[in-house]
Amino acid sequence: MSELGGLFVLKPESVTATKGKDITFVAKVDSSSLTRKPAMKWLKGKWLDLASKAGKHMQFKETYDRNTKIYTYEMSIIKVVDGDAGGYRCEVTSKDKCDSCTFDISKLSPQYLRNICASFRKRVKADAGDLDFSALEKKQEIPKEEVDVWEILKAAKPCDYEKIAFQYGITDLRGMLKRLKMMKKTEPEKTDAFLRKLDDAYSVEKGKKITLTVEVADPDVQVKWLKNGQEIKPSAKYVFESVGNKRSLTINKCNLSDDAAYECVVGEEKCFTEVFVKEPPVTITKLLDDVHTVVGERVDFEVEVSEEGANVKWMKDGVEINRDTAGSKYRFKKDGKKHMLIINEATKEDVGMYYAFTTGGESKAELEVEEKELEVLQSIADLTLKAAEQAVFKCEVSDEKVTGKWFKDGVEVQASDRIKMTHIGRIHKLTIDDVKPGDAGDYSFVPDGHALSISAKLNFLEIKIDYVPRQDPPKIHLDTSLGNKNTIIVVAGNKVRLDVEITGEPAPTVCWMKEDNVLSATEGRVRVDMRKTLCSLVLEGAERSDEGPYTITVTNPAGEDKAELFVKIVDVPDPPENVKCTSVGEDNATVTWDAPSFDGGVPVKGYLMERKKVGSSRWTKLNFDVYESTTYEAKKMIEGVLYEMRVFAVNSIGISQPSGNSKPFMPIGPTCLTVDDVTDTTCALKWRPPEKIGAGGIDGYIIEYCKEGSDQWVQANQQPVEKNQFRVKELPAGEKMLFRVVCVNMAGRSPPATLAQGVTIREIMENPKIRLPRHLRTKLISLVGEKVNLVIPFQGKPRPIVTWFKDGVPLDDKTVGTRTSEVDSILFIRSAERAHSGKYTLHVQIENMSDSADIEIQIVDMPGPPIAVTVTDVWGFNAALEWKPPKDDGNCEIIGYTIQKADKKTKEWFTVYEHNRRPSCTVSDLVMGNEYSFRVFSENICGLSNDAGISKNTAVIIKTGLAYNPAPYKEKDMNCSPKFTAPLVDRSVVAGYAAAISCAVRGYPKPKIIWMKNNMIIGEDPKFLMQNNQGVLTLNIRKPGLFDGGRYTCRAINDLGQDEVECKLEVRGMFAA
């Protein structure tokens, strides 16, 4: 956040301006204490930067005095208008310092001043002399603000400041806040919760961060931060800090939405502030360039600014160019920070000076436009022609807009039926058909407005030839690929074009006929196109009526030729007819229909059926494979629901329109006795319970049967059955039997329900067929360890024999289980292994009829690692790797490899390539001086291999071109005379207690050490112990007495000299005072 400081030496003052007069404001800034040049902004109101209004009406000037280091800034308003009245602010910033001041412009019209002066002059006496009103005319005193306004502001919340300022006419908000801040400093408000409150206002530049800090009385208290009355939650943008008594709110990357009122709440007490976010001026980082071009060329003026989304104002010779005035001549384009002004086609009127203005700068460039010279790209060539030929003079010039005229022997050529002049782009052409001797001469083309002429000569060549006409009989050349009898098969709706090549001299006359009708139209759906040697019959959108024989006849004086073609139109068939339901069951119905009246010209392959519930619009397909019969039994229907059926016919061309809906029908259980199923020895019966049941209820049902023609009824069940169905067994095969059912209760037997006709006891045959699910028609891929459970439905009566095979051999694997019911067969593997991969075949058979289906199962696993990973070459910062595919591919294709590298220093692996398809690669961007190892993982559809193939050798990236030349080693002379680095220190010890004195010495060669007491050498006295540890010398005195006191000296001697130190040792008695 910038620091407020007094930078202004001279501030601009408020004035009262006269409309139509000029005024100038001056501000001076002292830069002696600043590290860089200050930036000055002139603002009107709250945020309007006046730099964008620079021009004839508002001018700015800046000067600098090197002696006093004072910058002088001037703002001049030329010919004041009504809109210039209001509050203004000038703001100066330099790095972390800023200062601002406010001033006002009050407008006083000249007529108002004259009226005031006149009224005063009337009231004075004649001898009072002339009154001087010049001061009144020059300046009008600004009315002072009332004290009540500041009392209102002091008691209001910061969020209400702007509303109050607008109400009382205060335009300078920053000046108002500054004054409030000074007033509150003089009258501090006492509070129990805050030791230091927020400042009244803060200022921050857009994109930077700001920190609001308060000090609270209680270090453990929690505070809330509010923005415009809404509580702020901690986030990456808003960071809360609590250190001791200080509570801080940091706002990161401030934008215009952060310009708001903020509150800090502690319990019931609050403190307020307002944050102002300043937008930095937009500067020009890349200036405009001068442009020199020719008429008609495109001109691009490009300028680059400091921020994306900034506004750039374009001007030409002081006149603004905007989207309203640009029209089609100018285009504006923005690309990030780049702004472009584009002139599509430059003209002489575009010459001038072009300006680009931003809020923080401007740039200008000059445009020069010259006339474009006309160039001849292709000249006219001389021609020599014979009679009746065509003469074409063609030239090409550089400007496609240039027009011109053609001349022959200096006379302008006029267009006629034989002479044509064209102008297409840059090409000008003169065409003369049927050249005659009078056309010979000099031809020239003269462009309009250019001193240029392009000339050529036409020479006429006259040749006399005796012409004998040639005669060849006409002949029709048919394409031999049309097949037998020249039959052409066309799908209805397609376009037919029969191209027939014709020869003959003179050109023969062609006649197309269909049966007895002549086809001669040259336009329309059926037409004849004639060329020089090719005649075509065109049928647009072939229809059924176009089918039939066509004849082409060609004649000329030399003869005649004739050919016949047959056009056959094929189409989708008509819808099936007469769709009806013939019988219904409890959950099924039998539907029949008639074949379509027209099969489309090709045989009908079969039918597709759909059904829907009455009242619904959704049709459900009943079969996906083509059904060949015209009788179909629809199953799995809901009893008691009305259904409708429709049928589609299918041939090789496509599917017909749907047939008409059948009459609604309802599956319902039989109200009387019906046959449900028949085999060679049994018969299954179903019936409905009685419509009326007496008070005695029903104990059960008795089923009886007898041969047709006999009245000997045999009871099939010994005990009454409670269910409404029963299978009668042990019936004689081939006999026709009658059945009846009676109800039994305590009152006796009911009247019997009897079949209307006899039932022949024989097996109902149904061909075996496997309904292979769609997802099993392609290869089934499963992972090792997963479960495999395949359910395959089939049909057939009697119950077919089901057999499973694997790879053509009967399935005999205990890990693969199978289970078969009457309608489906299940193959399951509890834990799949790769050995289970292969082709499984399900075979169903009834007597000599059978069906089979193949299922491909592939069990896959993770692949093994690649083998023989080798570094084959090393160059520069690159290494080439090669390897061989893994021995174990996991029973599926290897789809890629992943390569990783690791240097010998860190031994950390990093991925270089993923999904590399080839068994080789080149690793780049290796670091000089490192040695690398590589490893490769193989990958299939299961994923990467568990282990990796590691390279047998390494890649060493050698440092090239670098050689270290060390400075010659100079051995240092270590010899030196003894010198004590730590002296002996005077000590005072107690008698009877061990004492020690020590010092430190250096020297080479190692010096000899001599200890002395009172200048007497201490010999091998056991009372003294002398030690030398790496140059640290210590003299230990065991239980010193009073007589051991004195002056001790340590002397060090070698060949280069000697040195000594001494100290005084005082020994005190044990009871000394």
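User: Let me start with one residue: is Val614 buried, partly exposed or exposed?

Analyst: First, keep in mind that this is a predicted model. To read exposure, you look at the relative accessible area: under 20% is buried, over 50% is exposed, and partly exposed sits in between. Val614 has 40% relative accessibility, so it counts as partly exposed. You'll find Val614 in the loop between strand E49 (604-613) and strand E50 (620-621).

User: Which residues make a nonpolar surface patch with Val614?

Analyst: Leu642 and Met666 join Val614 there, and the patch covers about 220 Å².

User: Okay, on to sheets. In what order do the strands of the five-stranded open sheet come?

Analyst: Read across the sheet and you get E63-E70-E69-E65-E66, with mixed pairing. Strand E63 (780-783) and strand E66 (809-810) are the edge strands; each has a single partner, so one side of each has no neighbour in the sheet.

User: How many bridges hold E69 and E70 together, and in which sense do they pair?

Analyst: Nine bridges, in the antiparallel sense, between E69 (residues 838-846) and E70 (residues 849-860). To see one pairing, pick Lys839: its bridge partner in E70 is Glu856.

User: And how should I think about the side chains along a strand?

Analyst: The general idea is that in a regular strand the side chains alternate between the two faces of the sheet. For a case to look at, take Thr841, which lies in strand E69. Thr841 has a relative accessible area of 13%, so it is buried.

User: What does the side chain of Thr841 touch through a polar contact?

Analyst: The side chain of Asp854, with 2.8 Å between them in that contact.

User: Let's try another set of strands. Which strands pair with E40?

Analyst: Two to look at are E38 and E44. Strand E38 (residues 472-477) pairs with E40 (residues 496-505) in the antiparallel sense, over four bridges. Strand E44 (residues 534-539) also runs antiparallel to E40, and six bridges join them. For landmarks, Asp472 has Glu505 in E40 as its bridge partner, while Asp499 stands opposite Ser536 in E44.

User: Now charges. How many salt bridges does the structure hold?

Analyst: There are 37 of them. The general idea is simple: side chains of opposite charge can pair when their charged atoms come close. Arg298 and Asp300 form one such salt bridge, their closest N and O atoms being 3.0 Å apart. Both ends are partly exposed: Arg298 is at 47% relative accessibility, and Asp300 is at 37%.

User: Which parts does the salt bridge between Arg544 and Asp571 tie together?

Analyst: In this pair the closest N and O atoms are 4.0 Å apart. Arg544 sits in the loop between E44 and strand E45 (548-556), and Asp571 in the loop between strand E46 (559-570) and strand E47 (577-584), so the salt bridge ties together parts that are 27 residues apart in sequence. Arg544 itself is partly exposed, at 38% relative accessibility.

User: Where do Lys686 and Asp676 lie?

Analyst: They form a salt bridge too, with 4.0 Å between the closest N and O atoms. Lys686 is in strand E54 (residues 683-686) and Asp676 in strand E53 (residues 674-678), ten residues apart. Lys686 is partly exposed, with a relative accessible area of 23%, and so is Asp676, at 45%.

User: Which residues are linked in a network of salt bridges?

Analyst: Lys495, Arg497, Asp499, Arg527, Asp529 and Glu540. You've met Asp499 already, opposite Ser536.

User: Which residues does UniProt list as Ig-like domains?

Analyst: The record is an unreviewed entry, and it gives 188-283, 372-444, 474-566, 768-856 and 978-1066. Let's read two of them in the model. Residues 372-444 are 0% helix and 51% strand, with their end C-alpha atoms 22 Å apart. For residues 978-1066, the span is 0% helix and 65% strand, and the end C-alpha atoms lie 28 Å apart.

User: Last one: what separation do the C-alpha atoms of Gln712 and Cys395 have?

Analyst: They are 117 Å apart in space, and 317 residues apart along the chain. To find Gln712, go to the loop between strand E55 (700-707) and strand E56 (714-715). Gln712 is exposed, with a relative accessible area of 58%.

Definitions and conventions: Residues numbered from 1 in each chain as written. Predicted model: local features only at pLDDT ≥ 70, side-chain atom pairs only at ≥ 80, totals over all residues. Heavy atoms only, no water. Pairing = 2+ DSSP bridges. Patch = residues over 30% accessible without salt bridge, like charges linked within 9 Å, V, L, I, M, F, W, Y side chains within 5 Å. Areas by Shrake-Rupley, 256 points an atom, 1.4 Å probe, with all protein chains shown as cover. Salt bridge = Lys/Arg side-chain N within 4 Å of Asp/Glu carboxyl O. Buried < 20%, exposed > 50% of the residue type's maximum accessible area, 1.4 Å probe, protein only. UniProt positions renumbered as here; feature names shortened; annotations may be inferred. Polar contact = N/O pair within 3.5 Å; in protein donor to acceptor, adjacent residues only side chain to side chain.
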